[in-house]
Amino acid sequence: MKKVIIFVIAIMTMATMNSQTLTERQKGLAACACLMAQGDLERLEPAVRTALDSGVTINELKEAFSQLYAYTGFPRSLNALGVLSKVLESSPSFGGSGEGGRWQEGKPWTRPKEWDDAKAAYELGVKNQTQVSGRPFNYDFSPQDDYYLKAHLFGDIFAGDLLSHADREIVTVAALSGLGKVAPQLAAHKRGAVNMGNSQETVDELCAWLCQEGYTLSTVWPKGEPNTAFAQYFIGNSYLAVLDKTGLCNVTFEPGCRNNWHVHHGAVQVLICVAGRGWYQEWGKEPVELKPGVTIAVPEGVKHWHGAAADSWMQHLTYHTNVQPGNSNEWLEPVTDEVYGNLK
């Protein structure tokens with residue numbers, strides 16, 4: 001097992017060292033697109049603020065949320081635009097009270113000329129779709145969808161000039177990553193993102209970053225089954241996957257999920273964060289942020305808890321060492337919302 005753990009930590013370290021191509025602006029666009037696709041409005045609101053702080057303009061976010069209706073549907077597009085509107089209403093620069101002094105309106109929206117020429121929109125769509133696909137693409141099985149794709153998605157929508165084609169594919173890959181169960185489309189748009197001007201390194205890092213930050217859960221580690229046997233000791237939902245006969249397990253926490261304060265008697269518990277972000281805290285001590293590669297050896301007899309961040313999935317591997325005869329777990333009180341809510 002020690003060799004497996006060392007290998008895991010090495011992989012996590014290399015992944016962190018090689019993550020150098022995504023800009024903060026691209027991360028902001030991607031986070032908003034991913035959460036919009038999931039319909040997670042609670043997490044989307046702070047993500048919108050972070051994106052605006054990172055240099056994404058208001059009009060770029062409007063364009064991204066509007067474009068994504070073609071992938072996620074009008075309800076989620078309109079809900080995301082509603083969140084953006086709510087955030088702007090809280091800003092003094094836009095008629096409200098709060099932050100937002102540095103936020104930029106960005107390039108004004110203008111009506112694309114192709115909207116007044118159906119033939120021109122269709123021809124533009126054929127050109128853009130061919131570039132995204134890397135070859136001419138005709139969906140003869142459904143002429144209706146073939147026309148919608150060419151004339152509307154890659155024609156009307158791509159005719160807008162508020163986002164570059166490279167940015168549009170970053171947004172699309174992030175949204176499809178968050179949407180889930182659309183593997184063929186995600187694979188196609190990951191290739192398309194490169195065809196539209198992004199580097200392969202950027203696309204690979206984008207998908208890894210979305211998982212590492214807990215926006216998606218697309219790791220090599222199995223999610224497992226609902227952790228019903230221990231549900232009474234958790235706030236929120238967790239999942240358990242037993243990986244081998246030695247007791248090595250992967251535990252997956254949904255955003256906001258954490259276990260109760262507890263004590264391991266007669267054993268040392270080891271935690272290795274492999275995806276997302278979370279927290280570990282010992283009684284009377286400051287919390288420790290869990291990120292991929294962070295390893296914690298929980299001392300025997302020490303009261304502690306661990307779980308996901310409020311805005312992120314989290315996975316950690318866990319096993320026990322220095323196990324003594326008669327070892328046991330002592331489950332204690334829940335981690336209160338007051339304690340959890342103060343974590344930064």
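## Lysine 107 and aspartate 161

Lysine 107 is partly exposed in this predicted model, with a relative accessible area of 48%. Its side chain meets that of aspartate 161 in a salt bridge, with an N to O distance of 3.0 Å. This pair links distant parts of the chain, 54 residues apart. Lysine 107 belongs to the loop between helix H6 (74-89) and helix H7 (118-133), whereas aspartate 161 belongs to the loop between helix H8 (143-157) and H9. Aspartate 161 is also partly exposed, at 38% relative accessibility.

## Other salt bridges

The whole structure contains 17 salt bridges. Side chains of opposite charge can pair when their charged atoms come close. One of these pairs joins aspartate 167 to arginine 25, and the closest N and O atoms are 2.7 Å apart. Aspartate 167 is placed in helix H9 and arginine 25 in helix H2 (residues 24-38), so that the pair connects distant parts of the chain, 142 residues apart. The two partners fall into separate accessibility classes: aspartate 167 is buried at 10% relative accessibility, while arginine 25 is partly exposed, with a relative accessible area of 22%. Arg25 and Asp167 are further linked with Glu60 in a network of salt bridges.

Another pair consists of arginine 43 and aspartate 40, whose closest N and O atoms lie 3.6 Å apart. Here the arginine is the buried partner: arginine 43 has a relative accessible area of 8%, and aspartate 40 is partly exposed, with a value of 21%.

## Cysteines

The number of disulfides in the model is zero. For cysteine 32, the nearest cysteine sulfur is that of cysteine 34, 10 Å away. A disulfide requires the two sulfur atoms to be within 2.5 Å, and therefore this pair does not qualify. Cysteine 32 is buried, with 1% relative accessibility.

Cysteine 273 is likewise in no disulfide, and the nearest cysteine sulfur, belonging to cysteine 211, is 9.8 Å away. Cysteine 273 is buried at 1% relative accessibility.

## Positive phi angles in loops

Most residues other than glycine have a negative phi. Lysine 181 has a positive phi of about 60° although it is not a glycine. This lysine is found in the loop between helix H9 (165-179) and H10. Lysine 181 is exposed, with a relative accessible area of 91%.

Asparagine 322 also has a positive phi, near 50°, in a residue other than glycine. The loop that holds asparagine 322 runs between strand E12 (314-321) and strand E13 (328-331). At 52% relative accessibility, asparagine 322 counts as exposed, because the class begins over 50%.

## Alanine 193 in helix H10

Helix H10 spans residues 183-195 and includes alanine 193. With a relative accessible area of 1%, alanine 193 is buried. Apart from its neighbours within four places in sequence, alanine 193 is in contact with Glu169, Val173, Asn198 and Val203.

Alanine 193 and proline 226 are 33 residues apart along the chain, and their C-alpha atoms are separated by 35 Å.

Notes. Residues are numbered from 1 along each chain as its sequence is written. This is a predicted model: local features need pLDDT of at least 70, side-chain atom pairs count only at pLDDT 80 or more; totals for chains, interfaces and linings use all residues. Side-chain values use heavy atoms; hydrogens and water are left out. Helices (H or I, at least four residues) and strands (E, at least two) are DSSP runs, numbered from the N terminus. Buried means under 20% relative accessible area, exposed over 50%, partly exposed in between (1.4 Å probe, protein chains only). Contact means heavy atoms within 4.5 Å. A salt bridge is a side-chain nitrogen of Lys or Arg within 4 Å of a carboxyl oxygen of Asp or Glu.
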